[in-house]
Amino acid sequence: MRYPILNNCLEFTKKNSNQYIVYNGFDGSRKVVSKQFVDFLEKFDGKTLPAKIFSQINVKNKKNIDEAMDKMLDEGWIRDNNYRVETFPLYMITMWIPNRRNLLTYYGKSLETLIKVFWVPLFLIGILVWKYRGFSYTRSPFMTILGILLGFIIGGLLHELGHVISAYANKKRVYEVGVGLFGFVPFMYTLIDTQHISTKKELRILATGVKMNLLYAGILFLFASVESIFSSAFETAALANIVFAILNTTMAYGLDGMKAAQYLIFDQKVSMLDTLVTLFTNSEKKREFLAQNGISGSVALINILALLSFQIFYPALYILLFMGGF
C-alpha cells in the first residue's frame, strides 16, 4: 500500500440517520461514530495522500494531521502497512485481502461439499495403501527436512484455504489471510466475520481446515506408496499433516480446538481458559455461574476440565506418529 488505507476488518452498520456502529472484526470492538466520520474514513483508499483527504475537511496544519493520523492508527480505523500486529512477542502480517466477491463466493459451497465427501475415504485409502506397500524406505536427513517443510508449509496453506472455502460456503466475509510469529513459533491465520453466526456454522468453518489437512495427508500417503527417491519425504509430509490436524484440535490458545470447545460448551465467544481461572479462583463468581446455569453449568465445568486433562495424551501421540507407530 502506498498511503494509509481503511482497516479491511471494519464493518459499518447504520444506527440512525446521523450515526453508524463500527465493528472491528479483528478485536470484536464496536463504536458509534457520525456518518460524516464514516464518509471521511472511506476516503482512505491507499492511493490518496492523507493531506489531500484532510484538506477536504479544511484541516491543513501538519501537526494536527499527524496527531489525527496517530489517533486513527491507534484506534484501528486505518492501517499504514501490511502488519496487523507488530508488537513482540506477536507479529501478524497480512498476505491476502480477498475481494468481497470472487470465485469462492460462487463455488464455495460446492468445494466445501467435495471436501466433506472425499476427506475420509481419501485419508483411509491413503493409509491402507501406504501401510501395505511392497517396499521399505531409504531415509536421509535431507528427505526428512524436505518432508517436514512440504507437510507444514503446504499443509498450513491448505488448512487456511479450508477455512476460507467454508466461510464463503456459509456466506461469511473473509477479512484476510496472513502469516505470523508468536515468539519464535510461526503460524498462519484467517480472519473471518463471525458476527451473527450460528454455532453449527462456526464449527463447520473450523472443522474444514482440519479436514483439508487429513485429505492432503491421504494424498501424500498415496504418493509415498509409489517407490521413488521422494517416497520417504511424502511419508514424513503425510505424518506432519496428521500432527498438524491433531495439534489444531488441542485447546491451546488461538487454535481451532479451543475455539470449537468454547462454542460447544458455552455456545458463545468467550475465553474458556479465562472463564475457568475466574470460576475456580473466585468462589462468588463460581456460585453465580452455577446459579445461572444450573446442571448445564456444572456439566460445562466438568467438560472443560476433562478436555484440558486430555491434552496430556497429545505429546505421546505425536511421538508415536513420527516413529511410525499407528
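What follows is a chat about aromatic pairs and salt bridges in a predicted model.

Biologist: How many aromatic pairs does the structure hold?

Modeller: The predicted model holds ten aromatic pairs. Among them is Phe40 with Phe54, an edge-to-face pair with 5.2 Å centre to centre and 70 degrees between the planes.

Biologist: Where in the chain do Phe40 and Phe54 sit?

Modeller: Phe40 is in helix 1 (residues 35-41) and Phe54 is in helix 2 (residues 50-55). They are 14 residues apart, and the pair links distant parts of the chain.

Biologist: Are Phe40 and Phe54 buried or exposed?

Modeller: Both are buried. Phe40 and Phe54 also belong to a cluster, linked by ring pairs, that includes Phe37, Phe44 and Trp77.

Biologist: What about Phe187 and Tyr189, why is that pair called tilted?

Modeller: Their planes are at 50 degrees, so the pair counts as tilted; edge-to-face would need over 60 and stacked under 30. The ring centres are 6.4 Å apart. Phe187 is partly exposed at 26% relative accessibility, while Tyr189 is buried at 7%.

Biologist: Which ring does Arg84 lie over?

Modeller: Arg84 lies over the face of Phe26, 5.3 Å from the ring centre.

Biologist: Switching to charges. How many salt bridges are there?

Modeller: Nine salt bridges. One of them joins Arg79 and Glu176, with 3.2 Å between the closest N and O atoms.

Biologist: Which strands are Arg79 and Glu176 in?

Modeller: Arg79 is in strand 5 (residues 78-79) and Glu176 is in strand 8 (residues 174-182), so this salt bridge ties together parts 97 residues apart in sequence.

Biologist: Is Glu176 buried or exposed?

Modeller: Glu176 is buried, at 0% relative accessible area. Arg79 is buried too, at 6%.

Biologist: And which salt bridges lie within a helix?

Modeller: Asp66 with Lys62 is one, both in helix 3 (residues 62-75) and four residues apart, about one turn of the helix. Their closest N and O atoms are 2.9 Å apart. Another is Glu112 with Lys109, at 3.9 Å from N to O. Glu112 and Lys109 are three residues apart in helix 4 (residues 103-131), also about one turn.

Biologist: How exposed are Asp66 and Lys62?

Modeller: Asp66 is partly exposed at 33%, and Lys62 is exposed at 61%.

Biologist: Same for Glu112 and Lys109: buried or exposed?

Modeller: Glu112 is buried, at 3% relative accessibility. Lys109 is partly exposed, with a relative accessible area of 44%.

Biologist: Which residues are linked in a network of salt bridges?

Modeller: Lys31, Lys71 and Glu75 are linked that way.

Technical notes. Residues are numbered from 1 along each chain as its sequence is written. This is a predicted model: local features need pLDDT of at least 70, side-chain atom pairs count only at pLDDT 80 or more; totals for chains, interfaces and linings use all residues. Side-chain values use heavy atoms; hydrogens and water are left out. Rings of Phe, Tyr and Trp (its six-membered ring) pair if their centres lie within 6.5 Å; planes under 30 degrees apart count as stacked, over 60 as edge-to-face and the rest as tilted. Helices (H or I, at least four residues) and strands (E, at least two) are DSSP runs, numbered from the N terminus. Buried means under 20% relative accessible area, exposed over 50%, partly exposed in between (1.4 Å probe, protein chains only). A charge sits over a ring if NZ of Lys or CZ of Arg is within 6 Å of the ring centre and within 35 degrees of the ring normal. A salt bridge is a side-chain nitrogen of Lys or Arg within 4 Å of a carboxyl oxygen of Asp or Glu.
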